[in-house]
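Welcome, and please load the model in your viewer before reading on. We will take it one selection at a time.

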Amino acid sequence: MELRKTSRYPLDLRVAFRWTNEGQDHFGTGSTRDISAAGMFVFSEHCPPYDARLSCEVTAPRSRSAGSLQIKASGRVVRIEGNERGKCEGFAVYGDMQLFSEDSVSAWLARSDQVDEI
């Protein structure tokens, strides 16, 4: 039985993330397995601890021209997955995955419009 309230989209996108633990900033990178309006799963060897608050930047390619769009999101680690040796392979983040940078979106839309005019 599916308990999720939002649809997940299987997307392989680059993601950079950071969290603070005991007053020290930590950084990691990885790639998404899937994204929804409420969360995402990230493949990474740099797993934050369970319940850590994250700031994330997902890099989504633009469809009409070269370049990319930065999607900023924040959330909390709700699950960590590892392999049989206990090594982290990825984690699930729940939070606000729709925090787009207005400057990025505006610039992206302006560039897309310019491409359409060519």
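**First stop: D34.** Select D34 and show everything around it. Setting aside residues within four places in sequence, D34 is in contact with R8, Y9, P10, L11, M40 and F41. Keep in mind as you look that this is a predicted model.

Now colour by secondary structure: D34 belongs to strand β2, which covers residues 24-35. Is D34 buried or exposed? Its relative accessible area is 10%, and the cut-off for buried is under 20%, so D34 counts as buried. Add R33 to the selection and draw the distance between the two side chains: a polar contact of 3.2 Å joins D34 and R33.

**Zoom out: the whole chain.** Clear the selection and display the protein chain as a cartoon. You should find six strands and one helix. Walking from the N terminus, the order of elements is β-β-β-β-β-β-α.

Next, try colouring by accessibility. The protein chain has 118 residues, and 31% of them count as buried. Switch to a surface view: the accessible surface is about 7900 Å², with carbon and sulfur atoms making up 50% of that area. If you prefer a contact map, take the contacts between residues at least 6 apart in sequence; 53% of these join residues at least 24 apart.

**Next selection: the cysteines.** How many disulfides does the structure hold? There is one. Select C47 and C88 as sticks to see it, with an S to S distance of 1.4 Å. C47 sits in the loop between β3 (39-43) and β4 (53-61), while C88 is in strand β6 (residues 88-96), so the disulfide ties together parts 41 residues apart in sequence.

Stay with C88 for a moment: its relative accessibility is 17%, so it counts as buried. Then pick C56, which at 4% relative accessibility also counts as buried.

**Last stop: a patch on the surface.** Keep the surface on and select Y50, V78, I80 and Y94. Together these residues form a nonpolar surface patch with about 410 Å² of accessible area.

Within the patch, click on I80. Which strand holds I80? The answer is β5, running over residues 68-82. I80 has a relative accessibility of 38%, so it counts as partly exposed.

To finish, put D34 and I80 on screen together: D34 is buried in the model, whereas I80 is partly exposed.

How values were computed
Residues are numbered from 1 along each chain as its sequence is written. This is a predicted model: local features need pLDDT of at least 70, side-chain atom pairs count only at pLDDT 80 or more; totals for chains, interfaces and linings use all residues. Side-chain values use heavy atoms; hydrogens and water are left out. Helices (H or I, at least four residues) and strands (E, at least two) are DSSP runs, numbered from the N terminus. Buried means under 20% relative accessible area, exposed over 50%, partly exposed in between (1.4 Å probe, protein chains only). A polar contact is a pair of N or O atoms within 3.5 Å; within protein, one must be able to donate a hydrogen and the other to accept it, and residues adjacent in sequence count only if both atoms are side-chain atoms. Contact means heavy atoms within 4.5 Å. Accessible areas come from the Shrake-Rupley method with a 1.4 Å probe; for residues, only the protein chains shown count as cover. Patches are made of residues with over 30% relative accessible area and no salt bridge: like charges are joined within 9 Å, nonpolar side chains (Val, Leu, Ile, Met, Phe, Trp, Tyr) within 5 Å. A salt bridge is a side-chain nitrogen of Lys or Arg within 4 Å of a carboxyl oxygen of Asp or Glu. A disulfide is a pair of cysteine sulfur atoms within 2.5 Å.
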